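Hi,

Here is the structure I promised to pass on. My notes follow below it.

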Amino acid sequence: MSSFLPPQLLVLFEPHPPLPYLPPDDILPHERKFVQPLKGIAEFTSEFEDPGDAPPPVKAETKEERVERKRKAREERAKAILEKRIAEWKPRDNEDATTDAFKTLFVGRLNYDVSEEQLRREFEQYGPIKKLKMVHDLKGKPRGYAFVEFEHERDMHSAYKRADGAKIEGRRIVVDVERGRTVESWRPRSLGGGLGGTRRGPPEICTRVSGREEAVRPDDDDADRDRDRSRSDRDKDRDRSRDRDHERSRDRDRERSRDRDRERDRDRDRDR
């Protein structure tokens with residue numbers, strides 16, 4: 001079998017050469033005498049470095065400290081960028097904005113496939129539309145929200161009350177008045193503002209409802225009391241219905257037993 005192996009592999013299986021023979025020492029290791037006796041280091045202490053001239057020790061950064069440092073650096077950069085964007089945000093100087101902010105309705109959570117004509121048809125039922133502006137990014141892709149300017153302010157208020165929660169292309173929208181030019185010191189969600197608390201930070205401090213839903217949402221205590229009251233009412237209704245069912249079943253059993261007794265009496269009378 002080994003004859004079929006190449007030479008470079010056959011070399012690996014060759015035996016090692018024998019170890020060379022070395023005559024044993026005449027003197028055992030523990031019988032040897034040192035040529036130079038051992039000395040201490042007292043004569044070299046003057047050559048040691050002065051502790052006062054030594055540089056201070058360098059503390060190595062731990063993994064937790066490195067992560068915290070990078071996190072703070074990111075927060076500072078994000079804060080600086082946000083402050084710069086807030087300083088540059090001037091909605092009243094936007095040339096593409098609608099003419100009258102008090103007749104303009106903000107429409108958010110739009111499906112990205114919704115076209116301008118389709119959105120116009122959906123909101124023309126509330127009144128004539130003067131201008132409709134769908135917002136796109138720098139690449140021309142829709143951002144998912146738009147601004148609709150009506151001819152009359154009453155039509156805008158009607159759409160504000162009735163169009164919130166409407167479903168367009170399988171997705172429910174949210175509508176609101178334009179606050180950028182009508183509310184002082186208002187900032188959009190991208191600049192740290194907006195309604196509601198759905199994006200305040202970690203999930204434990206965020207809410208699950210939007211701003212308008214949160215505004216009309218009852219207090220948690222009232223909601224809990226209403227929930228408990230409704231649950232107790234349901235339990236009482238369930239118990240009443242169960243008692244009624246038991247009563248009906250007992251009445252049926254009594255009727256059946258009476259019918260059986262009548263049948264037995266008739267059979268006895270026939271036999272006589």
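First, a term: a polar contact is a pair of N or O atoms within 3.5 Å; within protein, one must be able to donate a hydrogen and the other to accept it, and residues adjacent in sequence count only if both are side-chain atoms. One such contact, of 2.7 Å, joins the side chains of Glu-178 and Arg-181.

Bear in mind that this is a predicted model: local features need pLDDT of at least 70, side-chain atom pairs count only at pLDDT 80 or more, and totals for chains, interfaces and linings use all residues. Residues are numbered from 1 along each chain as its sequence is written, and side-chain values use heavy atoms, with hydrogens and water left out.

Back to Glu-178: you'll find it in the loop between strand S6 (174-177) and helix H5 (211-215) (DSSP runs, H or I of at least four residues for helices, E of at least two for strands, numbered from the N terminus). Glu-178 counts as buried because its relative accessibility is 10% (buried is under 20% relative accessible area, with a 1.4 Å probe and protein chains only). Apart from neighbours within four places in sequence, Glu-178 is in contact (heavy atoms within 4.5 Å) with Thr-98, Ala-101, Thr-104 and Phe-147.

There's also 1 cavity of 30 Å³ or more, where a cavity is a set of points on a 1 Å grid over the protein atoms alone where a 1.4 Å probe fits but cannot get out. The largest cavity has a volume of about 40 Å³, meaning the space filled by probe spheres set on the points. Strand S3 (142-150) and strand S2 (129-136) each give two or more residues to its lining (an atom within 4 Å of a point), and S3 gives the most, with 4 residues.

Cheers

Conventions
1 Å grid on protein atoms, 1.4 Å probe; cavity = no way out; pocket = protein on both sides within 12 Å on 5 of 7 lines; lining within 4 Å. Buried < 20%, exposed > 50% of the residue type's maximum accessible area, 1.4 Å probe, protein only.
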